[in-house]
Amino acid sequence: MEGDDSVKQFYGMSLSGNLDEAVQGLYNPQFIMLLSNATQFEDHVQALERRFPGVPSIGCIGMCYQTKVVENGVGIIAFSDGVSAAANVLEHVSAMPVKYIQRLERDIQTVGGSGRDTVCIDFCAGNDACVLTTIYSVLKQRGISLIGGTGDANKVSANGRVYQDAVAYGIIKNLNGRVKAYKENIYHQMKDYRFIASQTDKSRYLIGALNGQPARQVYQDILHISEQEIETRTFQNPFGKLNGDDICIVSIKEVVGDALTCYRQVNDSDVLVLLQLGDYKAIVKNTVRKIQQDFPRVSAVFSINCLFRYLLFSQNHYMQEYLSEMGVLGNHAGLVGLGEHYNNRFINQSMSCAVFE
């Protein structure tokens with residue numbers, strides 16, 4: 001099995017947004033992901049389809065990386081050899097993503113995958129939590145994992161067309177080995193702070209009160225910080241939402257009066273904890289070690305890192321080192337997302353990835 005029949009992950013990019021440059025050296029792709037910038041996204045989607053007509057593809061607006069981060073150009077990540085794939089879109093995600101669920105069911109049937117060898121990768125334009133519940137209800141029946149992220153500007157693409165208010169997805173089956181999804185959390189619980197959220201506003205992702213006290217005041221008092229420091233302090237101390245024995249990270253977006261708005265929904269009577277940044281260098285090394293134990297032979301790793309992790313790592317001059325650490329696994333590339341998906345969970349400030357044997 002050595003050598004030729006493993007998945008090949010192609011990564012090409014252009015800092016200036018030149019698509020021809022980014023696809024140079026890409027032959028016979030079986031699945032393509034386009035990571036573009038807001039100005040050129042539509043043009044890139046069309047040009048890519050002309051270049052590789054009929055090849056399943058999904059795309060979004062976001063930064064990409066392999067050995068370094070491309071902030072405002074274009075990146076192409078593609079699989080060739082050893083995969084079979086289908087791509088499509090669920091529309092009207094803010095209202096009713098479930099309306100298009102037959103498309104996903106059909107695509108899974110076409111690809112014919114199982115939990116052992118198949119993964120779903122999605123790029124979402126919003127309403128993530130609801131979208132994930134919908135998609136995962138289908139994937140779960142087959143034990144298929146999902147990883148994904150939120151793109152910018154409320155736009156995604158699938159198979160050469162641009163959609164708003166939609167989620168684009170690819171179902172990718174590894175024909176010659178396993179595939180597995182992972183999630184990495186660099187935060188742990190701070191002391192034993194526990195809060196019941198109230199006065200929330202779902203549509204604005206707003207938390208009015210924690211344990212009956214104004215949310216802003218509670219956060220400030222615990223951390224002894226000024227109101228101005230709240231928005232950047234979320235890098236060190238986001239909230240966590242308890243989800244069984246798992247913690248979903250909830251990033252703070254901004255202060256609104258005495259309330260806090262977040263990057264994901266919090267509902268009345270949700271139980272929140274306060275988190276603090278752990279030894280992220282050790283945690284990353286540990287993730288890499290775990291993947292190496294699970295997969296003695298890795299052919300590709302596709303990851304999604306949160307924008308806030310990117311900013312945190314960059315501020316601490318660790319981003320380059322991080323990409324080198326992940327690069328040890330073999331062929332690693334990915335997307336900087338505005339929110340990350342792992343199975344049916346919408347998470348913030350995390351990393352999720354798919355590893356192909």
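Biologist: What percentage of the 357 residues in the protein do buried residues make up?

Modeller: In this predicted model, buried residues make up 59% of the 357, where a residue is called buried if its relative accessible area is under 20%.

Biologist: What makes the protein as compact as a globular protein of that length?

Modeller: The radius of gyration is 20 Å, and the globule rule gives 21 Å for 357 residues; the two values are close, so the protein counts as being as compact as a globular protein of that length. Its C-alpha atoms fill a box of roughly 60 × 40 × 40 Å along the principal axes.

Biologist: Why is one side of β1 and of β11 left without a neighbour in the open sheet of 6 strands?

Modeller: The order of the strands is β1-β6-β2-β3-β10-β11, with mixed pairing. Pairing requires at least two bridges between two strands, and β1 (8–14) and β11 (161–164) each have a single partner strand, so they stand at the edges with one side free of a neighbour in the sheet. Neighbouring strands of this sheet are turned against each other by 20° on average, direction ignored.

Biologist: How do you know that β2 and β3 are paired, and which residue stands opposite L34?

Modeller: Where the definition asks for at least two bridges, 5 bridges join β2 (residues 31–36) to β3 (residues 57–61), and these strands run parallel; L34 stands opposite G59 in β3.

Biologist: Which strands does helix α2 touch as it packs on the sheet?

Modeller: Helix α2 (residues 41–51) touches β2, β3, β6 (74–80), β10 (155–158) and β11, with contact taken as heavy atoms within 4.5 Å, and its direction makes about 160° with that of β2.

Methods. Residues numbered from 1 in each chain as written. Predicted model: local features only at pLDDT ≥ 70, side-chain atom pairs only at ≥ 80, totals over all residues. Heavy atoms only, no water. Helix = DSSP H or I, 4+ residues; strand = E, 2+ residues; numbered from the N terminus. Axes fitted to C-alpha atoms, helices over the stretch in contact; angles between N-to-C directions. Rg over C-alpha atoms; globule rule 2.2 N^0.38 Å. Buried < 20%, exposed > 50% of the residue type's maximum accessible area, 1.4 Å probe, protein only.
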